[in-house]
Amino acid sequence: MHDNHEDADYEWPTCVAPNCGRQLWVAEAGRYVCRPCEDRTNKRLAELGPLFRRLNETATLMRGARQPGGATSGSRTPPIPPRLEVLALTANGGVATRLRDIEDSWRKALGWTVAPWRGSPTQAVPEHLRFLANNLPWAVSSYESIGQDIDDLRRLHAECTAVAANEHRPGRVSIGRCPTRGDDGSLCRADLTATASSHRVRCGACGARWETLGEWKQLREAQDVVLREGAGAAA
């Protein structure tokens with residue numbers, strides 16, 4: 001266990017990570033954070049990349065959905081219902097900005113320039129995560145404010161995990177009719193539904209599937225073709 005100090009008033013250093021307070025081992029002397037907290041933070045950094053990609057995929061799907069409106073709004077395919085928590089995490093001010101702020105504070109402490117990656121969140125997030133993972137060993141030993149940053153990363157990871165797990169499941173929404181044609185050229189026209197949590201769509205009538213973002217776009221295009229054909233026939 002820990003060494004005892006002769007001075008009765010001496011307080012053995014403890015981990016500064018919030019909700020930890022574990023006494024540091026002799027081998028951890030000179031550190032601000034215990035190794036278990038460092039390991040958990042490293043794991044969260046590794047998981048944030050895939051979590052962000054999953055959320056960004058959902059956000060792209062929502063942003064790409066056609067907005068209803070105009071003279072033909074009655075026949076337009078409704079958009080995927082927006083999930084504000086997804087958009088908040090993937091847009092500016094979300095995951096990328098929160099990671100950048102931590103990176104910038106570490107760079108300032110190190111006397112380095114601010115984070116050079118200022119592109120889109122999709123481009124920036126992997127760079128921020130790489131920097132933080134590479135420099136975490138320095139931070140847990142030399143950066144006095146590391147406890148707050150560890151807590152911020154814990155909260156960010158928890159938010160992304162909860163949203164990606166779709167804890168608040170959105171209801172299904174109609175996205176128009178199935179544009180698949182049978183061998184005789186007739187349209188299926190069965191109602192299709194989807195949720196914001198997935199771009200996978202399956203027709204319950206004919207069994208047609210659209211399982212990737214590229215296939216989702218093909219579905220939209222096929223529905224547009226059917227709508228134009230219907231409008232031409234009506235004219």
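**Notebook: R189, the cores and helix packing**

**Entry 1. R189 and N19.** I began with R189, which sits in the loop between β1 (173-177) and β2 (191-194). I note here that I am working from a predicted model. I looked up the backbone of R189 and found phi near 65 degrees, a positive value in a residue other than glycine. I then asked how exposed R189 is. Its relative accessible area is 43%, and R189 is therefore partly exposed, as the class covers values between 20% and 50%.

I turned next to N19, a residue of the segment before α1. N19 is not a glycine either, and I read a positive phi of about 65 degrees for it. Is N19 buried or exposed? N19 counts as exposed because its relative accessibility is 76%, and the class begins over 50%.

**Entry 2. The chain as a whole.** I listed the secondary structure and obtained six helices and four strands. Along the sequence I read the order α-α-α-α-α-β-β-β-β-α. The chain has 235 residues, and I recorded 37% of them as buried. For the surface I noted about 13,400 Å² exposed, with carbon and sulfur atoms supplying 50% of that area. I also looked up the contacts between residues at least 6 apart in sequence; 56% of these join residues at least 24 apart.

**Entry 3. The nonpolar cores.** I looked up the largest nonpolar core and found 35 residues in it. The residues with the most contacts inside this core are V95, L99, W106, L132, I146 and C160. Which helices each supply at least two residues of this core? I found α1 (35-64), α2 (84-90), α3 (95-110), α4 (121-142) and α5 (146-164). A second core, separate from the largest, has 11 residues, and I noted C178, A190, A208 and W216 among them.

**Entry 4. L132 and I146.** I took two residues of the largest core in turn. Leaving aside residues up to four places away in sequence, I found that L132 touches L45, L99, I102, E103, W106 and L153.

I146 belongs to helix α5. I asked whether I146 is buried or exposed. Its relative accessibility is 0%, and I146 therefore counts as buried. With the same sequence neighbours left out, up to four places away, I listed V16, Y32, V33, W106, L136, A139 and V140 as the residues that I146 touches. I also checked the separation of I146 from L136: the two lie 10 residues apart along the chain, and their C-alpha atoms are separated by 9.1 Å.

**Entry 5. α3 against α4.** I looked up how α3 packs on α4 and found an angle of about 40 degrees, with the axes 9 Å apart. That angle makes α3 oblique to α4, because roughly parallel would require an angle under 35 degrees. I recorded the crossing of the two helices as left-handed. Among the residues making this contact I noted V95, L99, I102, E103 and W106 of α3, and V125, H128, L132, L136 and A139 of α4.

**Entry 6. α3 against α5.** For this pair I found an angle of about 165 degrees and axes 11 Å apart. The helices α3 and α5 are therefore roughly antiparallel to each other, the limit for that class being over 145 degrees. The crossing of α3 and α5 is left-handed. I copied down the contact in full: V95, R98, L99, I102, S105 and W106 of α3 meet I146, D149, D152, L153, R155, L156, E159 and C160 of α5.

Notes:
Residues numbered from 1 in each chain as written. Predicted model: local features only at pLDDT ≥ 70, side-chain atom pairs only at ≥ 80, totals over all residues. Heavy atoms only, no water. Buried < 20%, exposed > 50% of the residue type's maximum accessible area, 1.4 Å probe, protein only. Contact = heavy atoms within 4.5 Å. Areas by Shrake-Rupley, 256 points an atom, 1.4 Å probe, with all protein chains shown as cover. Core = buried A, V, L, I, M, F, W, Y, C linked by side-chain atoms within 4.5 Å. Axes fitted to C-alpha atoms, helices over the stretch in contact; angles between N-to-C directions. Parallel < 35°, antiparallel > 145°, perpendicular 65-115°, else oblique. Left-handed = near helix turned anticlockwise from the far one by under 90°.
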